[in-house]
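Please open the model in your viewer and keep the selection tool at hand. This tour goes from one stop to the next, saying at each what to select and what is there.

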Amino acid sequence: MTKWVYSFGGGSAEGDSAMRNLLGGKGANLAEMSNLGLPVPPGFTITTDVCNWYYDHAETYPAELDEQVSAAIAGIEKIVGKGFGANANPLLVSVRSGARASMPGMMDTVLNLGLNDATVEALAGVSGDRRFAYDSYRRFIQMYSDVVLGVDHHHFEEILELYKEERGLTLDTDLSADDWEAVVAAYKVRVEEELGKPFPQDVREQLWGAIGAVFGSWMNQRAITYRRLHEIPASWGTAVNVQAMVFGNMGEDSATGVAFTRNPSTGERELYGEFLINAQGEDVVAGIRTPQDLTEAARIAAGSDKASLEAAMPKTYKEFIAICDQLETHYRDMQDLEFTVEQGKLYMLQTRSGKRTAKAALKIAAEMANEGLITRDEAVLRIDPASLDQLLHPMIDPDAPRTVVANGLPASPGAAQGEIVFSSDDAERLKAEGRAVILARVETSPEDIHGMHAAEGILTTRGGMTSHAAVVARGMGKPCVSGAGMIRINYAKGEMMAAGRTFRAGDIITIDGSTGQVLEGRVEMLQPELSGDFATIMEWADARRRLGVRANAETPLDARAARDFGAEGIGLSRTEHMFFDGDRITSVREMILADDEAGRRKALAKLLPMQRDDFVELFEIMAGLPVTIRLLDPPLHEFLPHEAEEIAEVAEALGASVDKVTARVDLLKELNPMLGHRGCRLAVSYPEICEMQAQAIFEAAAQVTRKTGKAVHPEVMVPLIAGRPEFDMLKERIDAMAEKVSKETGVELTYLVGTMIELPRACLRAAEIAETAEFFSFGTNDLTQTAFGISRDDAGSFLGTYVEKGLLEADPFISIDVDGVGELVAIGCERGRKTRPDIKLGICGEHGGDPASVHFCEKVGLDYVSCSPYRVPIARLAAAQAVIGGETASTA
């Protein structure tokens with residue numbers, strides 16, 4: 001018989017942390033803590049296999065599941081000495097999700113399950129606190145009705161607010177036991193009004209309703225969105241964890257909280273988190289009450305007058321610190337913990353590796369390696385390469401004038417600026433229009449996930465450092481200021497009040513997630529300095545990687561940035577980007593409009609010194625590192641105007657007739673320019689273009705060699721080759737120009753001539769092409785287009801659907817299609833090396849900065865990857881991880 005249910009508690013468990021895929025992260029870690037003898041309320045986990053069964057069998061369960069759940073409930077009853085649904089000493093349980101990958105707030109939870117009209121009285125008698133019992137019951141009705149029955153929570157909030165208003169009450173804590181009993185009665189009436197049937201009193205019905213809701217939430221829209229953003233497969237499923245309730249709301253000797261064993265924003269080795277006395281877990285993250293600090297040091301730093309856990313419950317605090325140290329040492333990573341104190345007794349409800357900012361991840365990994373807790377290789381593997389983006393964006397210039405309009409909590413570091421929006425839908429809509437926005441909310445909820453993803457930063461007026469907004473923003477690497485209580489947001493009017501001013505939707509603000517400041521307007525930013533822990537990890541990564549990492553750059557600014565980020569050369573310099581500036585575009589257009597070769601050469605002679613100066617600057621910045629220069633690639637029509645007004649302006653500037661310019665525009669127009677007269681085809685038709693560019697390259701190389709006394713290493717790349725004949729025709733002209741320049745300057749030139757492999761035919765004919773080509777650079781942007789037969793400019797309308805429906809694992813323009821495009825690359829490498837064993841092989845599409853694609857490049861044995869300058873550190877780290885991961889796999 002298949003085992004669908006695994007129990008834990010009472011000092012042992014049927015599972016452990018290695019069973020994460022089956023038990024989910026939460027279930028595996030609850031089992032592990034139980035095995036460690038920590039105080040964990042007993043419970044059981046329904047496996048992720050049940051989730052997959054549920055969806056594969058029309059939302060039904062395996063036949064054996066009911067019996068196994070009943071046996072597991074009996075096991076909890078035996079450990080705690082309570083009965084599920086008993087009228088004397090009732091057992092209450094929580095029902096929570098738990099996927100193998102943490103998805104905070106994305107799926108549903110139900111607390112206090114097992115309460116009904118009879119057990120609430122029993123709970124009041126056992127606890128000696130009638131108010132606590134009815135407060136727990138009203139929480140359960142509200143949560144269960146919303147999550148399981150589909151009665152929206154606003155119904156219950158409306159009843160409660162009206163009840164308090166009629167009686168002059170302000171806070172929930174002002175309500176007595178009789179008040180809560182009256183509220184419960186009103187809640188039940190509303191449920192029956194909405195559903196046409198009473199709130200369920202059968203505790204077994206309640207349990208199975210909650211289990212179904214958790215499995216059902218795996219496919220809710222916010223969970224689907226989160227999985228898409230974090231590349232979590234739907235096939236993983238979620239587990240369901242049913243656990244005996246412990247109560248942090250049983251008086252002043254009870255509490256609940258969340259903690260991190262190290263600071264998740266900075267990585268500092270200090271306990272970080274919040275708690276509330278006489279509260280349940282959702283109160284801490286909901287932002288309804290202001291949380292208290294765990295340590296005295298944190299309380300003093302925050303200027304709070306509310307007691308810390310260290311001061312309020314010193315014995316519990318000491319026990320909690322010991323558990324934190326034990327768990328961090330055991331898991332060898334920073335832990336994110338949830339705990340409850342019930343009448344002085346500490347219970348651990350969860351541990352998991354804590355989400356952290358990139359800055360914190362680097363510091364934690366470096367320090368743990370230096371502490372001997374992990375190895376340097378493990379430290380390198382701990383950093384998500386994509387997360388380094390957080391470190392590569394501007395921060396507010398400390399010397400810049402700033403007008404602070406509000407202060408909140410520094411929930412997620414970094415700075416962002418943009419137009420204020422008050423809804424997630426507006427954030428997503430404006431982002432699609434290319435506008436930068438700041439999402440301002442009273443508080444965020446899981447339904448805001450799409451807006452948070454679209455926004456540059458998040459601002460909330462409620463919530464603490466562990467609120468939904470804070471946790472999700474840190475995970476996304478978005479700046480966030482939370483708990484800015486001095487701001488008042490009016491959704492209906494689309495405005496917010498701060499410091500006596502009114503800010504409306506569309507107004508510009510800046511937020512500083514490192515200080516918690518909200519600033520009026522745009523503020524000057526500074527580029528980040530990459531040093532300290534970043535430098536340490538990157539040094540360890542560079543020592544382990546095999547792949548070289550170059551940058552795609554054609555401007556001095558990009559080239560310098562590339563060097564700053566550790567690029568080992570330029571893997572792609574797109575010469576056409578140099579043609580759009582000022583006088584250059586005029587000369588380019590003059591060349592295009594010329595009637596014969598003599599006219600074209602006359603125009604190209606004007607471009608020659610400009611191109612030469614460009615290359616001189618690049619060669620000087622790269623200081624002897626290789627520079628791969630791609631000859632002109634796009635079709636000529638891209639340089640010409642298309643609107644009548646612009647055509648008239650160009651005609652006047654060039655002294656040509658409007659009719660002539662219009663005729664040439666019409667002549668060059670193509671139905672499918674991506675597959676048209678471009679790349680090497682232009683050079684075949686107009687070899688003088690190729691010659692001018694080669695002359696500029698070699699004259700620049702000679703000039704810099706004479707100036708510096710050091711050799712320059714240009715690599716001339718011919719684009720869009722389909723076979724050797726094209727390449728040989730152009731290489732002959734390039735070599736001839738190199739020889740000519742060398743004789744004229746007296747400088748011996750060191751250079752390579754190779755090709756950009758962008759067509760499937762070129763991959764298949766690679767052996768032949770490599771007879772004369774000295775390097776291949778796989779242009780995977782175009783190779784993906786030509787392999788799939790789709791245009792990336794038009795594919796956005798349907799590729800997302802393909803990914804959502806499982807037809808593609810990922811957008812092939814973001815992460816390389818290993819099975820198709822990847823096989824073409826592998827064929828090209830294999831056949832090219834067969835002819836020329838020492839051929840230099842690289843990749844220069846955007847895939848060069850995608851971690852998964854970098855792993856593929858390591859696997860097929862490329863010599864280097866090339867990517868945009870700001871993704872160079874990502875590629876360096878991913879290249880090291882590919883080596884370490886490959887070694888680990890081979891020894892496993």
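In which loop is the place of R332? Select R332, keeping in mind that this is a predicted model, and you will find it in the loop between helix α13 (314-331) and strand β12 (335-342). As background for this stop, most residues other than glycine have a negative phi. R332 is not a glycine, and yet its phi is positive, near 55°. With a relative accessible area of 28%, R332 counts as partly exposed.

Now select L720, which sits in the loop between β30 and α27. L720 also has a positive phi, of about 60°, although it is not a glycine. L720 counts as buried, because its relative accessibility is 2% and buried means under 20%.

**Salt bridges**

The next stops concern charged side chains. Side chains of opposite charge can pair when their charged atoms come close. How many salt bridges does a search of the whole structure find? The search finds 65, and the tour visits some of them.

Begin with R550 and E715, which form a salt bridge whose closest N and O atoms are 3.0 Å apart. This pair joins distant parts of the chain, since R550 belongs to strand β27 (residues 548-552) while E715 belongs to strand β30 (residues 714-718), 165 residues apart. Are these two residues buried or exposed? R550 is buried, and E715 is buried as well.

Select D633 and R678 next, another salt-bridged pair, in which the closest N and O atoms lie 2.8 Å from each other. Here too the pair links distant parts of the chain, but both partners are in loops: D633 in the one between β29 (627-630) and α23, and R678 in the one between α24 (658-668) and α25 (680-685), with their positions 45 residues apart. Both D633 and R678 are buried.

Go on to E691 and R733, where the salt bridge has its closest N and O atoms 2.3 Å apart. This pair links two helices, with E691 in α26 (residues 687-708) and R733 in α27 (residues 724-745), 42 residues apart along the chain. E691 is buried, with a relative accessible area of 14%, whereas R733 is partly exposed, with a relative accessible area of 33%. To see salt bridges that share partners, select R262, R269, E328, K363, E367, E371 and D533 together, which are joined in this way into one network.

**Two patches on the surface**

Turn to the surface and select E643, E645, E646, E649 and E652, which gather there in a patch of negative charge. Within this group, E652 lies in helix α23 (residues 644-654). E652 counts as exposed, because its relative accessibility is 68% and exposed means over 50%.

For a patch of another kind, select F798, Y802 and L807, which form a nonpolar patch on the surface and together have about 290 Å² of accessible area. L807 has its place in the loop between α31 (796-804) and α32 (821-835). With a relative accessibility of 56%, L807 counts as exposed.

**Cysteines**

How many disulfides does the structure hold? The structure holds zero disulfides, and two cysteines can be selected to look into this. Begin with C763, whose closest cysteine sulfur is that of C829, and the 8.5 Å between the two sulfur atoms is too far for a bond, because a disulfide needs them within 2.5 Å. C867 is likewise in no disulfide, with the nearest cysteine sulfur, that of C857, 10 Å away. As for their surroundings, C763 is buried, with a relative accessible area of 0%, and C867 counts as buried at 1% relative accessibility.

**A last stop in a loop**

Finally, select G463, which is found in the loop between β19 (457-460) and α18 (468-476). At 15% relative accessibility, G463 counts as buried. Add L409 to the selection and compare the C-alpha atoms of the two residues: G463 and L409 are 54 residues apart along the chain, and these atoms are separated by 8.9 Å.

Methods:
Residues numbered from 1 in each chain as written. Predicted model: local features only at pLDDT ≥ 70, side-chain atom pairs only at ≥ 80, totals over all residues. Heavy atoms only, no water. Patch = residues over 30% accessible without salt bridge, like charges linked within 9 Å, V, L, I, M, F, W, Y side chains within 5 Å. Areas by Shrake-Rupley, 256 points an atom, 1.4 Å probe, with all protein chains shown as cover. Salt bridge = Lys/Arg side-chain N within 4 Å of Asp/Glu carboxyl O. Lys, Arg positive; Asp, Glu negative; His and termini not counted. Charge placed at Lys NZ, Arg CZ, Asp CG, Glu CD. Helix = DSSP H or I, 4+ residues; strand = E, 2+ residues; numbered from the N terminus. Buried < 20%, exposed > 50% of the residue type's maximum accessible area, 1.4 Å probe, protein only.
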